[in-house]
Amino acid sequence: MYNLIVSMMSVVLLGMMSLAALSYAGVIFSQKGGQNAARAQAVTLLTNAQQVSGAQRAFMIHNSGNPANTYQALIDGGFLRAVPELPVDAVIGGWSMSADGAISMIPLSLDRTGQTGSAADRICELLPDFGGSGFITAASAAPTLSDLDGTETWFGCVTDSAASSVEDATQVWFAHRT
């Protein structure tokens, strides 16, 4: 009889511990979910940027140092299979490349509906953790290589020229050197 009581108490205690652990984990995931999603989106952007940069370097080696100025040129040359995938809910357009092929960029979403901060806010906040710049003001209507040269970083969030931060920007791009 004693063994039965101890076994029952063990099962009940194990059940209570499992319930407490799941409850605590749910709180952690719900509080940190937005940051984890932003980290995943930032990593996706960086991985895509590295693919493009590697393809651009290979293209330049095969083309006497001349860079590609479109993604299609990299695809047609066999240096990329396709334009890199976009992180869901983080961007509002597609990848584009500067006319000289020096940088690639993609506009980030500024939608703050029902959220604390936009995807651009959260991604740009994380970029310094990866060695990039969280805030660069564009000198013109779109990011240029000189914008990145001023910060001596390989990638970063570039805002419209009138913005004093990512939060009050009307346009934000993730831009990287190719």
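In the predicted model, buried residues account for 38% of the 178 residues in the chain. The accessible surface of the chain amounts to about 10000 Å², of which 60% is supplied by carbon and sulfur atoms. Four helices and five strands are present, and their succession from the N terminus is α-α-β-β-α-β-α-β-β. Of the contacts between residues at least 6 apart in sequence, 51% link residues that are at least 24 apart.

The five strands form an open sheet with mixed pairing, in the order 1-2-5-4-3. The edges are occupied by strand 1 (96-97) and strand 3 (133-137); each has a single partner strand, so one side of each lacks a neighbour in the sheet. Strand 1 runs antiparallel to strand 2 (residues 103-107) and is joined to it by two bridges. Within this pair, S96 is placed opposite M105 of strand 2, while M97 is placed opposite S104. The hairpin made by strand 1 and strand 2 has five residues between the strands, and G101 in this hairpin adopts a positive phi near 75 degrees.

Strand 2 also pairs with strand 5, again in the antiparallel sense, through five bridges. S104, which stands opposite M97 of strand 1, has H176 as its bridge partner in strand 5. Because five of the five residues of strand 2 are buried, this strand is largely enclosed by the rest of the structure. The burial extends to both faces of strand 2: I103, M105 and P107 are buried on one side, and S104 and I106 on the other.

Helix 3 (residues 119-126) is likewise mostly covered, with six of its eight residues buried. These buried positions are A119, A120, D121, I123, C124 and L126.

A further buried acidic residue is found outside the helices and strands. D160 is located in the loop that connects strand 4 (155-159) and strand 5 (172-177). Its relative accessibility is 11%, and D160 is therefore classed as buried, the cut-off being under 20%. A polar atom of the D160 side chain lies 3.0 Å from the backbone nitrogen of Q171. When residues up to four places away in sequence are set aside, D160 touches T137, A138, A169, T170, Q171 and W173. Among these contacts, T137 belongs to the edge strand 3 (133-137), and W173 belongs to strand 5 (172-177). Q171 thus appears both in the contact list of D160 and, through its backbone nitrogen, opposite a polar atom of the D160 side chain at 3.0 Å.

At the N-terminal end of the chain, a nonpolar patch is formed on the surface by M1, L4, I5, M8 and M9. Together these residues present about 600 Å² of accessible area. L4, one of the patch members, is part of helix 1, which spans residues 2-62. In an α-helix there are 3.6 residues a turn, so residues three or four places apart point the same way.

Notes. Residues are numbered from 1 along each chain as its sequence is written. This is a predicted model: local features need pLDDT of at least 70, side-chain atom pairs count only at pLDDT 80 or more; totals for chains, interfaces and linings use all residues. Side-chain values use heavy atoms; hydrogens and water are left out. Buried means under 20% relative accessible area, exposed over 50%, partly exposed in between (1.4 Å probe, protein chains only). A polar contact is a pair of N or O atoms within 3.5 Å; within protein, one must be able to donate a hydrogen and the other to accept it, and residues adjacent in sequence count only if both atoms are side-chain atoms. Contact means heavy atoms within 4.5 Å. Two strands pair if DSSP finds at least two bridges between them. Patches are made of residues with over 30% relative accessible area and no salt bridge: like charges are joined within 9 Å, nonpolar side chains (Val, Leu, Ile, Met, Phe, Trp, Tyr) within 5 Å. Accessible areas come from the Shrake-Rupley method with a 1.4 Å probe; for residues, only the protein chains shown count as cover. A salt bridge is a side-chain nitrogen of Lys or Arg within 4 Å of a carboxyl oxygen of Asp or Glu.
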